[in-house]
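Reader: Please take me through one part of this model in close detail. I would like the strand pairing, the disulfides and the ring contacts, with every cut-off stated.

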Amino acid sequence: MTPRAPRSRDPLELLLLGAWLALLLLLGSCSGNSGVSTAVNITWSSINFKTLLLWEPEPTNYVYTVEIDGQLSDRKKACIHTRNTECDVTNLLKNVKDSYVARIYSEVPYQNDDYNTPPYEVSPSFTPYAQTEIGIPTIKQFEQIDKTLIIEILDPLTPYRFENGSFQTIRDVFKDDLEYTVYYWKDQSSGKKWSTKRSNQFELNVDEGENYCFYVQATVRSNSKSRDSPKSMDRCTSIKREELDRLDLDTILIIAAVAAGVIVLVIILSVVAYKCTRPKATKKENIPPNL
């Protein structure tokens, strides 16, 4: 039998074979990124301009690098090659009215590849001035003089500093957009009054000789959305009343138990003393008067 001549390959078949081999080589060169996950559930957490970037999942055989990009700011990196899932980016957001996005890169350690961009995910946009939360206001001091309740509120500090090194307050940043509201009422009464000012000092008209309680809430009124802080703890002009309000349930129960124990002990000692003295008195009464 005459042997058959080898079949010549079609050019299209050769082209497809070459493409398949190139794809295998490409997949082989990317094998170092196997098992790398990109960030999910990316969120911003910011209180008084102290800002953290949070995400998931925790890395296994890779690390993260964060890159912050502002519309009016240069792109900068933070938390380079970290295995954490949070990054303090406060110092990269000093232009608080700029809008920022974060890119979180998932990188394989010690893999130097200047040609391929590591996989990454992009965060939602964040504008510190419009989105940072306001912390709980602090009452610096207060006193009631005759018919006037004087209250001074301490403006919370931000992480940002002036040129002289002192910290800026939220008043320095928000200026007239920051308001305080004082809610006040007669002690043991349910009726509330309130006063709102673009100031941290209040002088309220009250009834002379009456004790008053109050709390404070901060509000930032911006063009996008107004934000309220959590309310401060209640304070009262009556020192005894205020100290009682500060006691927690456990402390009150302990005081009540000690008081009850003292009362029971007094009763027991009284009964014992009575029983010890009564027989002596009875025996003395039975002695004949002539003896």
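Author: What follows starts from one strand and moves out to the disulfides, the core and the rings.

The model is predicted: local features need pLDDT of at least 70, side-chain atom pairs count only at pLDDT 80 or more, and totals for chains, interfaces and linings use all residues. Residues are numbered from 1 along each chain as its sequence is written, and side-chain values use heavy atoms, with hydrogens and water left out.

First, the setting. The protein has five helices and 17 strands. Helices (H or I, at least four residues) and strands (E, at least two) are DSSP runs, numbered from the N terminus. Of the 291 residues, 32% are buried. Buried means under 20% relative accessible area, exposed means over 50%, and partly exposed lies in between (1.4 Å probe, protein chains only). The accessible surface comes to about 20,000 Å². Carbon and sulfur atoms account for 54% of that surface. These areas come from the Shrake-Rupley method with a 1.4 Å probe; for residues, only the protein chains shown count as cover.

Now the strand. S12 covers residues 178-186. Seven of its nine residues are buried, so the strand is largely enclosed by the rest of the structure. S12 pairs with S15, residues 212-220. The sense is antiparallel, over nine bridges. Two strands count as paired if DSSP finds at least two bridges between them. S12 also runs antiparallel to S13, residues 193-197, with five bridges joining the two. Tyrosine 184 appears in both pairings. In S15, tyrosine 184 stands opposite phenylalanine 214. In S13, its bridge partner is lysine 193. S12 and S13 form a hairpin with six residues between the strands. There, glutamine 188 takes a positive phi near 70 degrees.

S15 leads on to a disulfide. The cut-off is a pair of cysteine sulfur atoms within 2.5 Å. Cysteine 213 and cysteine 236 meet it, with their sulfur atoms 2.0 Å apart. Cysteine 213 lies in S15 and cysteine 236 in S17 (residues 235-236), so the pair ties together parts that are 23 residues apart in sequence. The link is right-handed, with 100 degrees about the S-S bond. Cysteine 213 is buried, at 3% relative accessible area. Cysteine 236 is buried too, at 2%.

The structure holds two disulfides. Cysteine 79 and cysteine 87 form a disulfide with the sulfur atoms 2.0 Å apart. The torsion about this S-S bond is about 95 degrees, so the disulfide is right-handed. Cysteine 79 is partly exposed, at 27% relative accessible area. Cysteine 87 is buried, at 1%. Counting bonded cysteines along the chain, the pattern is 1-2, 3-4.

S15 also matters for the count in the core. The largest nonpolar core has 43 residues. Such a core is a set of buried Ala, Val, Leu, Ile, Met, Phe, Trp, Tyr and Cys residues joined through side-chain atoms within 4.5 Å. S15 supplies the largest share of this core, five residues. Trp55 and Ile151 have the most contacts inside the core.

Tryptophan 55 is buried, at 4% relative accessible area. Beyond its neighbours within four places in sequence, its contacts include Val66, Cys87 and Ile104. Contact means heavy atoms within 4.5 Å. Across the protein, take contacts between residues at least 6 apart in sequence: 59% of them join residues at least 24 apart.

Last, the rings. A search of the whole structure finds eleven aromatic pairs. Rings of Phe, Tyr and Trp (its six-membered ring) pair if their centres lie within 6.5 Å; planes under 30 degrees apart count as stacked, over 60 as edge-to-face and the rest as tilted. Phenylalanine 49 and phenylalanine 174 have ring centres 5.3 Å apart and planes at 35 degrees, so the pair is tilted. Phenylalanine 49 lies in the loop between S1 (40-47) and S2 (50-56), and phenylalanine 174 in helix H3 (residues 170-174), so the pair ties together parts that are 125 residues apart in sequence. Both phenylalanine 49 and phenylalanine 174 are buried. Tryptophan 55 and tyrosine 64 form an edge-to-face pair, 5.5 Å centre to centre with 80 degrees between the planes. Tyrosine 64 is buried, at 0% relative accessible area. Ring pairs also link Phe49, Tyr129, Tyr160 and Phe174 into a cluster.
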